[in-house]
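Student: I am new to this structure and would like a close look at one part of it. Please take one strand and follow it outward to whatever it touches.

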Amino acid sequence: MPDWDKIFNEKGYVFVDPHPDMSRIASLFRAQGVRRILDLGCGTGRHLAFLSQEGFEVSGFDSSSAALEMAIKWLEEENLSADMHLGRMEEPFPYSDGFFDAVISIQVIHHNMMKDILVTIREIERVLKIGGYIFVTVAILSPRPKKSEDGWKLHQVEDGTFIPQSGPESGIPHHYFTEDELHKVLINFQILEMYVDDTDHRCVLATKKS
Ligand SMILES: C[S@@+](CC[C@H](N)C(=O)[O-])C[C@H]1O[C@@H](n2cnc3c(N)ncnc32)[C@H](O)[C@@H]1O
């Protein structure tokens with residue numbers, strides 16, 4: 001069974017520093033009047049802490065109670081706050097329509113089968129106001145093999161989706177997005193930037209169309 005709780009309980013705060021572009025994205029958000037941000041799949045809270053520190057109202061959503069507990073501890077230690085929800089991204093989000101000015105999701109939405117990814121993207125659209133921003137990073141089939149994925153024994157379960165049969169992320173689906181596919185699934189967004197970051201994830205900065 002896919003088990004993020006086990007990963008976080010064993011490895012602790014896997015990510016500590018924010019995504020290398022988060023500072024630039026935060027400046028852009030501020031300049032565009034963004035106030036409320038959803039961090040979808042917030043994990044142990046590196047972006048909640050960073051964005052809260054930057055003065056945004058942040059909400060964290062994740063399916064791992066271990067991750068959420070660690071995120072809450074981190075925020076408390078830094079005297080910061082965030083609204084937190086435990087839930088699955090392929091199910092309706094617990095927020096009203098148009099509630100957020102921006103949604104970020106770093107290395108999260110590709111951890112599902114495509115039918116569920118499409119539900120997640122529709123939910124992101126629903127909770128985002130018109131003209132609101134997304135900054136999303138997803139897995140791609142890397143031009144250079146990733147050291148961290150050595151020995152994963154990837155088993156293909158549908159077009160573009162693989163499940164490692166061993167290693168720390170064993171049992172967790174990974175959908176490797178093509179650029180074309182991202183344009184298709186984000187049809188209701190105006191893409192502003194699309195590029196591959198230093199960790200070989202494709203980043204998308206976009207706004208919700210009217
Ligand atoms: C690679 S970690 C990234 C965490 C965080 N975004 C960061 O950048 O530090 C993936 C996160 O997605 C969460 N996740 C995976 N599947 C999920 C699902 N179906 N619904 C909600 N969260 C999920 C995991 O619990 C984990 O926290």
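Tutor: What follows starts from strand β4 and moves on to its partners, the core, the cavity and the pocket. The model is predicted.

Strand β4 covers residues 100-106, and seven of its seven residues are buried. A residue counts as buried when its relative accessible area is under 20%. Strands of a sheet pair through backbone hydrogen bonds, either parallel or antiparallel. With strand β1, residues 36-40, the pairing of β4 is parallel and runs over three bridges. Within this pairing, Ala102 of β4 stands opposite Ile37. Strand β5, residues 128-139, is also paired with β4 in the parallel sense, here over six bridges. Ser105 has Val136 in β5 as its bridge partner. Helix α5, residues 114-127, belongs to this arrangement too: β4, α5 and β5 form a β-α-β unit, and the unit is right-handed.

Next comes the core. The largest nonpolar core holds 27 residues, and Phe93, Val103 and Ile134 have the most contacts inside it. Two or more residues come from each of β1, β4, α5, β5, α6 (179-185), β9 (189-196) and β10 (201-208). Helix α5 makes the largest contribution to this core, five residues.

There is also enclosed empty space. Rolling a probe the size of a water molecule over the atoms shows where such space is left. The count is one cavity of 30 Å³ or more. The largest cavity has a volume of about 50 Å³. Its lining consists of Ile109, Ile121, Ile124, Ile134, Val136, Leu182, Leu186 and Phe189. Val136, the bridge partner of Ser105, is thus found again in the cavity lining, as is Ile134, one of the residues with the most contacts inside the core. Helix α5 and strand β5 each supply at least two of the lining residues. By class, the cavity lining has eight nonpolar residues, with no polar and no charged ones.

The largest pocket has a lining of another make-up. Its space comes to about 1,200 Å³. The pocket is lined by 47 residues, and Trp4, Phe15, Gln107, His111 and Glu169 lie nearest its centre. Here the classes are 19 nonpolar, 17 polar and eleven charged residues. Elements that each give at least two lining residues are α1 (4-11), α3 (46-53) and β2 (57-62). Helix α1 has the largest share of this lining, with five residues.

Apart from the pairings of β4, an open sheet of three strands has the order β6-β7-β8, and its pairing is antiparallel. Because β6 (154-158) and β8 (174-175) stand at the edges with a single partner strand each, one side of each has no neighbour in the sheet. Between β6 and strand β7, residues 161-164, the antiparallel pairing runs over four bridges. Glu158 has Thr161 in β7 as its bridge partner.

One last residue is Ala26, placed in helix α2, residues 22-31. Ala26 is buried, because its relative accessible area is 0%, and buried means under 20%. Leu51 is 25 residues away from Ala26 along the chain, and the C-alpha atoms of the two are separated by 7.2 Å.

Technical notes. Residues are numbered from 1 along each chain as its sequence is written. This is a predicted model: local features need pLDDT of at least 70, side-chain atom pairs count only at pLDDT 80 or more; totals for chains, interfaces and linings use all residues. Side-chain values use heavy atoms; hydrogens and water are left out. On a 1 Å grid over the protein atoms alone, a cavity is a set of points where a 1.4 Å probe fits but cannot get out, and a pocket is an open set with protein on both sides within 12 Å along at least five of seven lines; lining residues have an atom within 4 Å of a point. Grid points are joined across faces, edges and corners, and a volume is the space filled by probe spheres set on the points. Ala, Val, Leu, Ile, Met, Phe, Trp, Tyr, Cys and Pro count as nonpolar, Asp, Glu, Lys and Arg as charged, and the others, Gly among them, as polar. Buried means under 20% relative accessible area, exposed over 50%, partly exposed in between (1.4 Å probe, protein chains only). Two strands pair if DSSP finds at least two bridges between them. A crossover is right-handed if, with the strands pointing away from the viewer, the path from the first strand over the helix to the second runs clockwise. A nonpolar core is a set of buried Ala, Val, Leu, Ile, Met, Phe, Trp, Tyr and Cys residues joined through side-chain atoms within 4.5 Å.
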